[in-house]
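This report describes how a ligand is held in a protein chain. The sequence and the model are shown first.

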Amino acid sequence: MRKIILLTFGFLLLIVVGGLVFLKTSAGGFSARADPTFPEIFAARTARSLAMPSNARERINPVNKTTVLDEAMEHWADHCAVCHGNDGAGQVQMGRQMYPHAPDMRKEPTQTLTDGELFYIIENGIRLSGMPAWGGSKVGEQASWKLVHFIRHLPDLSADEIAQMEKLNPKSPDEIEQEKEEEQFLNGDAPPEAHTQHKH
Ligand code: HEC
């Protein structure tokens, strides 16, 4: 019962604050480049926290951390870094241009979420934000728990690990082409002009 009252209160708060924010933004435009205001962040995080099922919050990570970090790092570099950055700071074009922006996950607001909450978010995504839901299969569940370990490791990530991840980030066709040309150039297979004339 208490939870229902809190939930109702949370959503009412969201509507009121949302209305105020709409009035404010409709006067000054609504760009996703702007930083969310404090009331918006507060309303969104409170509503999210109230809507989180309590059994999800309390779940314990069933995967052993020591054996999975490399695997999770690879997964992060391939699927998550495009919005969150290899270091989890969110300072990449995609993450910065979303509203809300991808947060700095090394910091307290993320690190104080429970393992169960992080898992729930990875599996289910976050409504009205750019965060997709990645769950849906049994294999996926294991992968999400591994990512939870990786998120805990973000504040201690080393420069070496970041360099390793840069090699694993998805590449655009242009980048693949450029790498091929560079390799050919280094092998002496292509005239240097071909390399220097390449424009990006
Ligand atoms: C298309 C962009 C995008 C991708 C790809 C993405 N995320 Fe997110 N993620 C976001 C955004 C934007 C937020 C912030 C949402 C908010 O504040 O409500 C977020 C929030 C989160 C949060 C909650 C952090 C917090 O403190 O609120 C977690 C955990 C997370 N993402 C994990 C992941 C993982 C793990 C992956 C890869 C499997 C991933 N994300 C891929 C955009 C993305």
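## Ligand contacts and iron site

An N or O atom in the side chain of Thr 110 lies 2.6 Å from an oxygen atom of the ligand. The model is predicted, and the distances below are computed from it. Two further side chains make polar contacts with the ligand, as listed with Thr 110 in the table.

| Side chain | Ligand atom | Distance |
|---|---|---|
| Thr 110 | oxygen | 2.6 Å |
| Arg 48 | oxygen | 2.8 Å |
| His 84 | nitrogen | 2.8 Å |

His 84 also takes part in the metal site: His 84 (NE2) and Met 131 (SD) coordinate the iron atom of the ligand at 2.0 to 2.2 Å. The iron site is octahedral, with angles of 86 to 179 degrees among its six donor atoms. The two residues are 47 residues apart and join distant parts of the chain. His 84 belongs to helix H4 (residues 69–84), while Met 131 sits in the loop between helix H7 (115–124) and helix H8 (138–153).

The shell around the ligand consists of 27 residues, and the closest are Cys 80, Cys 83, His 84, Thr 110 and Met 131. By type, 19 are nonpolar, six polar and two charged. Helix H4 gives the largest share of the shell, six residues. Helix H2 (38–51), H4, H7 and H8 each contribute at least two.

Three of these residues count as buried because their relative accessible area is under 20%: His 84 has 13%, Cys 80 has 11% and Cys 83 has 15%. The structure contains zero disulfides.

Technical notes
Residues are numbered from 1 along each chain as its sequence is written. This is a predicted model: local features need pLDDT of at least 70, side-chain atom pairs count only at pLDDT 80 or more; totals for chains, interfaces and linings use all residues. Side-chain values use heavy atoms; hydrogens and water are left out. Donors are N, O and S atoms within 2.8 Å of the metal (3.2 Å for Na, K and Ca); water is not among the atoms, so sites may look incomplete. Four donors count as tetrahedral if all angles lie between 85 and 135 degrees; four count as square planar and six as octahedral if opposite donors are over 155 degrees apart and all others between 65 and 115; anything else is irregular. Helices (H or I, at least four residues) and strands (E, at least two) are DSSP runs, numbered from the N terminus. Buried means under 20% relative accessible area, exposed over 50%, partly exposed in between (1.4 Å probe, protein chains only). A disulfide is a pair of cysteine sulfur atoms within 2.5 Å. A residue is near a molecule or strand if one of its heavy atoms lies within 4 Å of it. A polar contact is a pair of N or O atoms within 3.5 Å; within protein, one must be able to donate a hydrogen and the other to accept it, and residues adjacent in sequence count only if both atoms are side-chain atoms. Ala, Val, Leu, Ile, Met, Phe, Trp, Tyr, Cys and Pro count as nonpolar, Asp, Glu, Lys and Arg as charged, and the others, Gly among them, as polar.
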